[in-house]
Amino acid sequence: MEHCNVKIPHPVPPVPNFKPSMSVPDWLLAIQNYMKTLQYNHTGTQFFEIRKTRPLCGLMETAREMIRESLPIKCLEAVILGIYLTNGLTSVERFPISFKTQFSGNHFHHVVLGVYCNGRYGTLGMSRRQDLMDKALTFRTLSELVLEFEDSYRRYQHTLKKVKIGLYVPHDPHIFQPIEWKYLVLNAARLGREDMRKELEKHGRDMRMKILKSSTAQSPIKERSRGKSLSPRRRQISPQRRHVHRRDKSPASLDRKPAELSTLNDGYQIRI
């Protein structure tokens, strides 16, 4: 009797079945559980190309591809997938949080999706370590959330060097604009824990006020200045100088090398 070579299909985890009666924490928990079924990508091969300068609509197409292929993912893919799966949760604001750490002389990068709803912060993400990915929607301030990650890193002998906070991501999956990944850049090594906490709380207040004052209420736009009009002399500043982030609190932000500024543009790596 001949044996037929039957190809067994790869099991595809079911996409979360959202119901209107579900609470926001339940929705987020369902998303977390779904991404965990995809598992962390330990193969050393990146299955999905994520270019951070790509428009949001293009990244959402990549998220749909992730669901179709159901392959293991890393932290950056998890952020894009988390944005896609929360587009229907208009009461939840989403924003990227990036970390740069140092261990044994080497630098590592990690990114999660911050979420904010009803005065509480949390995260969605993927990591080798359970306490460096999902955080429940229980943190009262942005500083509490970020410092919790710093404590988690410390348990693995990683020293936090920099934190980058992006702006809220629009809920419209068809919008043709890139994600703002690093509106606020904090040099944790130079600021110290207390000063970093103050900057994060200030930034969190600014973002919440933009929700209250914005008519669209979903994607606050970066402010040019705080209550001051630009003078004629300032209007003549070269485009290259204007490109420097105004919210970068790193004392040596203007002296950084181009290679350091583009560390997370095309690739990312974390070994924990």
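Rings of Phe, Tyr and Trp (its six-membered ring) pair if their centres lie within 6.5 Å. Keep that cut-off at hand for the exercises below, which work through a predicted model.

**Exercise 1. Work out which residues the ring pairs link into a cluster, and how the rings are set against each other.**

Step 1. Start with the total: the count comes to 5 aromatic pairs.

Step 2. Look at Phe95 and Tyr168, whose ring centres are 5.9 Å apart, with the planes at 75°. Planes over 60 degrees apart count as edge-to-face, so this pair is edge-to-face.

Step 3. Place the two residues in the chain. Phe95 belongs to strand E1, while Tyr168 sits in the loop between strand E5 (159-165) and E6, so the pair ties together parts 73 residues apart in sequence.

Step 4. Check the surroundings. Phe95 is buried at 0% relative accessibility, and Tyr168 is buried too, at 4%.

Step 5. Turn to Tyr116 and Tyr121. Their rings form a tilted pair, 4.6 Å centre to centre with 45° between the planes. Both of these tyrosines are buried.

Step 6. Put the cluster together: ring pairs link Phe95, Tyr116, Tyr121 and Tyr168.

**Exercise 2. Find the order of the strands in the open sheet and name the edge strands.**

Step 1. Read across the sheet. Its 6 strands come in the order E4-E3-E2-E1-E5-E6, with antiparallel pairing.

Step 2. Pick out the strands that pair on one side only: these edge strands are E4 (135-139) and E6 (184-187).

Step 3. Add the twist. On average, neighbouring strands of this sheet are turned by 25° against each other, direction ignored.

**Exercise 3. Follow strand E3 through its pairings: how many bridges join E2 to E3, and how many pair E3 with E4?**

Step 1. Begin with E2. The antiparallel strands E2 and E3 are joined by 5 bridges, and Leu113 stands opposite Leu124 in E3.

Step 2. Look at the turn. The hairpin of E2 and E3 has 2 residues between the strands, and Asn118 takes a positive phi near 50° there.

Step 3. Cross to the other neighbour. Strand E3 (residues 120-124) pairs with E4 in the antiparallel sense over 2 bridges. Thr123 has Lys135 in E4 as its bridge partner.

Step 4. Add the helices. Helix H1 (residues 24-38) lies across strand E2 (106-117), E3 and E4, and runs at about 20° to E3. Helix H3 (residues 75-85) also packs on the sheet, where it touches strand E1 (93-103), E2 and E3; its direction makes about 15° with that of E2.

Step 5. Decide how enclosed the strand is. Because 4 of its 5 residues are buried, E3 is largely enclosed by the rest of the structure.

**Exercise 4. Compare three salt bridges by the setting of their partners: which are buried, partly exposed or exposed?**

Step 1. Get the overall number: the whole structure holds 14 salt bridges. For the sorting, buried means under 20% relative accessible area and exposed means over 50%, with partly exposed in between.

Step 2. Take Arg140 and Glu144, whose side chains meet at 3.1 Å, N to O. Arg140 has a relative accessible area of 54%, so it is exposed. Glu144, at 28%, is partly exposed.

Step 3. Move to Arg154 and Glu150, which form a salt bridge at 3.7 Å, N to O. Both lie in helix H4 (residues 142-155), 4 residues apart, about one turn of the helix. Arg154 is partly exposed at 46%, whereas Glu150 is buried at 11%.

Step 4. Finish with Glu194 and Arg197, where the salt bridge has an N to O distance of 2.1 Å. These two are 3 residues apart in helix H6 (residues 193-213), so about one helical turn separates them. Glu194 is partly exposed at 42%, and Arg197 is partly exposed at 25%.

Step 5. Look for a network. Salt bridges with shared partners join Glu150, Asp151, Arg154 and Arg193.

**Exercise 5. Find which rings lie under the charged ends of Lys52 and Lys135.**

Step 1. For Lys52, the ring is that of Trp181, with the charged end 4.4 Å from its centre.

Step 2. For Lys135, the charged end sits over the ring of Phe149, 4.9 Å from its centre.

Step 3. Connect this with Exercise 3: Lys135 is also the bridge partner of Thr123.

Notes
Residues are numbered from 1 along each chain as its sequence is written. This is a predicted model: local features need pLDDT of at least 70, side-chain atom pairs count only at pLDDT 80 or more; totals for chains, interfaces and linings use all residues. Side-chain values use heavy atoms; hydrogens and water are left out. Two strands pair if DSSP finds at least two bridges between them. Axes are lines fitted to C-alpha atoms, for helices over the stretch in contact, and angles run from 0 to 180 degrees between N-to-C directions. Contact means heavy atoms within 4.5 Å. A salt bridge is a side-chain nitrogen of Lys or Arg within 4 Å of a carboxyl oxygen of Asp or Glu. Buried means under 20% relative accessible area, exposed over 50%, partly exposed in between (1.4 Å probe, protein chains only). Rings of Phe, Tyr and Trp (its six-membered ring) pair if their centres lie within 6.5 Å; planes under 30 degrees apart count as stacked, over 60 as edge-to-face and the rest as tilted. A charge sits over a ring if NZ of Lys or CZ of Arg is within 6 Å of the ring centre and within 35 degrees of the ring normal.
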